Amino acid sequence: MMRNRLFILATASFFNILCLMACAQEHAANEKKLSIANSIAQTTILLNNQDGIIPLKSLEKKNIASVSLGFSYSLIFDSLANKYDQVTPFSATMYKDSVNLNNLEDDLKYYNTVLISIDDQNSNNAKYINFINSISKTKKVIVSLFGNGTALKSFDLLQSPIIWTAQNTADAAAIVPQYIFGGIAAENKLTKAFSAKYTVGSGFTTTKTRLKYTVPEDAGVNSNSLKEIDAIAAETIREKAAPGLVVLVAKDGKVIFNKAYGTHTYDGNLPDKVTDIFDLASVTKVTATTPSVMRLFEEGKLKLDTNIGAYIPKARTTPMNNINVREVMLHQAGFIPYIPFHNYVKTGDYSVDSTAAFPTKVADGYYIKKDFFKDFMWPKMLNSPIKTRGQYVYSDISMYVMKDIVEHISEEPLNQYTYENFYKPLGMQTAGFLPRNRFSRDQIIPTEQDTYFRKTLLVGYVHDQGAALAGGISGHAGLFSSANDLAIIYQMLLNRGTYGGTQYFKPETVDMFTSKQSNVSRRGLGFDRWDPDSTKHYPSNLASPQTYGHTGYTGTCVWVDPSRGLVYVFLSNRVNPGVSEKLGNLKIRGRIQDVINKAIDESKK
């Protein structure tokens, strides 16, 4: 319980420090902030990195703890570290009655990587030094030392990496974790000797491998040019286009804006936070299903010009059999757009309680009967008429089909495959299906007050009715995520397949799937794209022809613009309390995108 409280406090502190960073909008103040950050970075030195532990790699193999040994700004340090991967906080003050820290070391038994933050004043504490020396024998330890360099003498016997900065401030606490995870590259060496081990010229260099969290000015963008985002967000809430929203902007691998607006619901007082988790709706198609297809395609296990029946045995006696995968990914297979499965649910098909006969949870107090998807929904889709083959007709059925193909080839459920291959190794902590199994209700943004199907406020259960009846895991909807997690995976795509020192895709695979691949539409393979029809201004007036991404019915979108080095994430719950078209009619998502586009373009002049 104490750790949970610490984490909540850490999250709040992190939001505050980021408001001084990525969501600040005063140019002069941010230039000063950047100057301070640069001065810290110029004197931060990485030592003992002979084994190349920093920046951290292979996060899927790490269970990370952060231990404060009397460090005053540990909440900020921990919260920043949590942007990269799940980091569990511990503090020596919780063990202050102990003669030694054996109990703390015992509590760290499940962690293989330990981040230790300590300042120069506490480096003379024999109990702390003994603890560091002891735990470094069995675990990967990284020491972050803040303050006077003379404290380095206490670590002459330590072989583990040390990141030392002469600053002992909140700003330094927000910067040092970025070295650990590769958000900032280490470049400096000691200019003064502090001991026989830490001599002039000591220091290791690294490369930047992950997102950096900073101010717009660090990417050459004037914060004042982004002020209109606040005005458009206020309009969104005032006009009841959505009760709340989160906007994130990453430019050149730097998160320069990340801000939450409004509340979870119009009649509630729970404010939206940048860490909140949203129902992504159709953004699922390009954040779960399409990357899975890309991986299997790259491995030679999935062929785009092979027919559906080759992968799905049940499809061989249906109209789908001879349609190829490429047509499905381009929405040119001829499928009807969707089937309103909830209209087919009869009394006796569902129950208010979970039993062996009704095992699939659709929402609170709503369980569908066993094999409803397998026996009714799936056959109905497989046998649906093929009416428009060769034409572009956007269809959710396409991604039901691709999910099944992915699962047949990978021999894993889609939620498990995406977690193991992408979300966990990338450090994405919130992204995934069925969030109520992993997160508190208060961290998840509600969608619709469903008065016609599930008769409840939907919180953490997918809004899409078909995906809900399928158990919450589908190829077209069902994924939930925070803005930061989306920034991570789309930065990987903007990097053409590489992130955190790992190659997830070959550059040519990313280029192929995200570029225009259809003769009859603007689409890539799975990905939506900029529309060449200038009358549509899609996705925004100033979007470049290179822009790719996707929108979601619940009021979400992610767009990547390689020409501007841009990842733009917009998350809202425009379907709360009921479905409204105002977000689209007011062009909220596109207008915010153009504020960003204009600010970036102005910075180039």
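Hi everyone. Let me open with one residue, K455, which sits in the loop between β15 (449–450) and β16 (456–457). Its phi is positive, near 55 degrees, and K455 is not a glycine. Most residues other than glycine have a negative phi. Is K455 buried or exposed? It counts as exposed, because its relative accessibility is 59%. Please keep in mind throughout that we are looking at a predicted model.

K455 has a companion in this respect. S58 also is not a glycine, and its phi is positive at about 50 degrees. You will find S58 in the loop between β1 and β2. With 26% relative accessibility, S58 counts as partly exposed.

Let's stay in that loop for a moment. P55 is found in the loop between β1 and β2, and the peptide bond joining I54 and P55 is cis, with omega about 0 degrees. Another cis bond runs from N576 to P577, with omega near -5 degrees. P577 belongs to the loop between β23 (566–572) and α16 (582–585). Most peptide bonds are trans.

Now to the sheets. One of them is an open sheet of six strands, and if you walk across it you meet β1, β6, β5, β4, β2 and β3 in that order, with mixed pairing. Which strands stand at the edges? They are β1 (45–47) and β3 (87–91); each has a single partner strand, so one side of each is left without a neighbour in the sheet. From one strand to the next, the twist averages 20 degrees.

Let me zoom in on one pair inside that sheet. Strand β2, residues 64–68, runs parallel to strand β4, residues 113–119, and five bridges link the two. To get your bearings on screen, look for I64, which stands opposite T113 in β4. Then there is a helix to add: α5, residues 126–135, lies across β2, β4 and β5 (140–146). The direction of α5 makes an angle of about 160 degrees with β4.

Another strand of this sheet, β6, covers residues 162–165, and T165 lies in it. T165 has a relative accessible area of 0%, so it is buried. What is T165 in contact with, leaving aside its neighbours within four places in sequence? The list is I40, T43, T44, L145, F146, G147, A172 and V176.

While we are on buried residues, have a look at helix α3, residues 74–81. This helix is mostly covered, with seven of its eight residues buried. The buried ones are S74, I76, F77, D78, S79, L80 and A81.

Next comes an open sheet of three strands. Its order is β10-β17-β14, and the pairing is antiparallel. At the edges are β10 (278–279) and β14 (432–433), each pairing on one side only. β10 and strand β17, residues 479–481, run antiparallel and are joined by two bridges. A handy marker here is F278, whose bridge partner in β17 is S481.

On to a pair of helices. Helix α8, residues 284–298, packs against helix α15, residues 507–514, at an angle of about 130 degrees, and their axes are 11 Å apart. That angle makes α8 oblique to α15. The crossing of α8 past α15 is right-handed. On the α8 side, the contact is made by T290, V293, M294, F297 and E298, and α15 brings T509, V510, M512 and F513. Sorted by type, the residues of this contact of α8 with α15 are six nonpolar, two polar and one charged.

My last stop is S518, in the loop between α15 and β20 (528–529). Is S518 buried or exposed? S518 counts as buried, because its relative accessibility is 3%. Not counting residues up to four places away in sequence, S518 touches L330, Q332 and R523. There is also a long step in sequence to point out: S518 and R326 are 192 residues apart along the chain, and their C-alpha atoms are separated by 9.7 Å.

So that is the tour. Thanks for listening, and do turn the model around for yourselves!

Definitions and conventions
Residues are numbered from 1 along each chain as its sequence is written. This is a predicted model: local features need pLDDT of at least 70, side-chain atom pairs count only at pLDDT 80 or more; totals for chains, interfaces and linings use all residues. Side-chain values use heavy atoms; hydrogens and water are left out. Two strands pair if DSSP finds at least two bridges between them. Helices (H or I, at least four residues) and strands (E, at least two) are DSSP runs, numbered from the N terminus. Axes are lines fitted to C-alpha atoms, for helices over the stretch in contact, and angles run from 0 to 180 degrees between N-to-C directions. Contact means heavy atoms within 4.5 Å. Angles under 35 degrees count as roughly parallel, over 145 as roughly antiparallel, 65 to 115 as roughly perpendicular and the rest as oblique. A crossing is left-handed if the near helix is turned anticlockwise from the far one by less than a right angle, and right-handed if clockwise. Ala, Val, Leu, Ile, Met, Phe, Trp, Tyr, Cys and Pro count as nonpolar, Asp, Glu, Lys and Arg as charged, and the others, Gly among them, as polar. Buried means under 20% relative accessible area, exposed over 50%, partly exposed in between (1.4 Å probe, protein chains only).
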